[in-house]
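Open the model in your viewer and show it as a cartoon with side chains available. We will go from one selection to the next.

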Amino acid sequence: MTAVIGVLALQGDFAEHAAMLRRLGVESREVRVPRDLEGLDGLVIPGGESTTIGKLLETYALLEPVRDLGASGFPIWGTCAGLILLATDVGAPQPLLGLMDMTVERNAFGRQTDSFETDLDIDGLPGGAFHAVFIRAPIVSGVGDDVEVLAKLDDGRIVAVRQGNLLGTAFHPELTTDARLHSLFVEMARAA
């Protein structure tokens with residue numbers, strides 16, 4: 001079964017996600033207005049600036065439709081800023097989807113100059129360690145009972161989670177050549 005994956009294209013690195021999906025032979029569609037959600041099998045919310053993306057979700061009348069889709073079991077993957085938007089609590093007033101039972105600490109590693117790369121073992125991802133790129137990244141500082149922790153840094157900080165058909169990563173897999181996480185999400189979308 002083929003899948004059509006939407007990539008939220010309001011701000012951030014949506015083009016890199018779309019390119020990775022094309023590399024996999026998967027049809028992708030840029031999502032900017034509610035009608036762009038029609039006929040999708042999953043949605044990627046890219047990295048960028050979470051407050052800006054949240055405000056743009058409100059401006060373009062996408063916040064409620066995306067929230068409703070996610071609450072219905074529709075597959076959504078948030079990377080970096082997208083992870084923040086999926087959270088129920090970020091400790092600051094900003095528009096959120098509030099779909100994943102987790103608390104996220106924004107910009108947990110400091111400034112842009114504190115960005116880094118590391119290899120992660122990700123539960124359920126075959127093929128060995130995943131080389132992860134962290135840029136002004138968040139961390140997941142707490143999860144509810146239904147949230148599965150998929151990856152932690154060596155110091156124990158949570159950087160990848162899943163709750164049903166919702167996937168969240170604190171890093172940027174679209175900035176690597178490794179398409180395994182995109183493949184995993186496409187399979188989640190096909191299975192849903």
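This tour of a predicted model visits two helices and one loop residue.

**Stop 1: helix α1.** Select residues 14–23, which form α1. Colour F14, H17, A18, M20 and L21: these are buried. Now look down the axis of α1. The buried residues fall within an arc of 160°, so they line one face of the helix. Spacing along the chain fits this kind of pattern: an α-helix has 3.6 residues a turn, so residues three or four places apart point the same way.

What do the buried residues of α1 pack against? Show β1, β2, β3, β4 (76–79) and α5 (180–191); these are the partners. Then turn to the face pointing away from the buried side. R22 and R23 sit there, exposed. Step just past the helix to G25, where phi is positive, about 80°.

**Stop 2: the loop.** Move to the loop between β2 (27–31) and β3 (42–45) and pick R35. Is R35 buried or exposed? Its relative accessible area is 62%, so R35 counts as exposed, the cut-off being over 50%. From its C-alpha, draw a distance to the C-alpha of I53: 18 Å, for 18 residues along the chain.

**Stop 3: helix α2.** I53 is one of the buried residues of α2 (residues 50–59), alongside S50, T51, G54 and L57. Down the axis of α2, the buried residues span an arc within 165°, so they too line one face. Their packing partners are β1 (4–8), α3 (63–71) and α4 (81–86).

Zoom in on the start of α2. A side-chain oxygen of E49 comes within 3.1 Å of the backbone nitrogen of T51. Finish after the helix at A61, with a positive phi near 55°.

Note on methods:
Residues numbered from 1 in each chain as written. Predicted model: local features only at pLDDT ≥ 70, side-chain atom pairs only at ≥ 80, totals over all residues. Heavy atoms only, no water. Buried < 20%, exposed > 50% of the residue type's maximum accessible area, 1.4 Å probe, protein only. Helix = DSSP H or I, 4+ residues; strand = E, 2+ residues; numbered from the N terminus. Arc of directions from axis to C-beta. Contact = heavy atoms within 4.5 Å. Polar contact = N/O pair within 3.5 Å; in protein donor to acceptor, adjacent residues only side chain to side chain.
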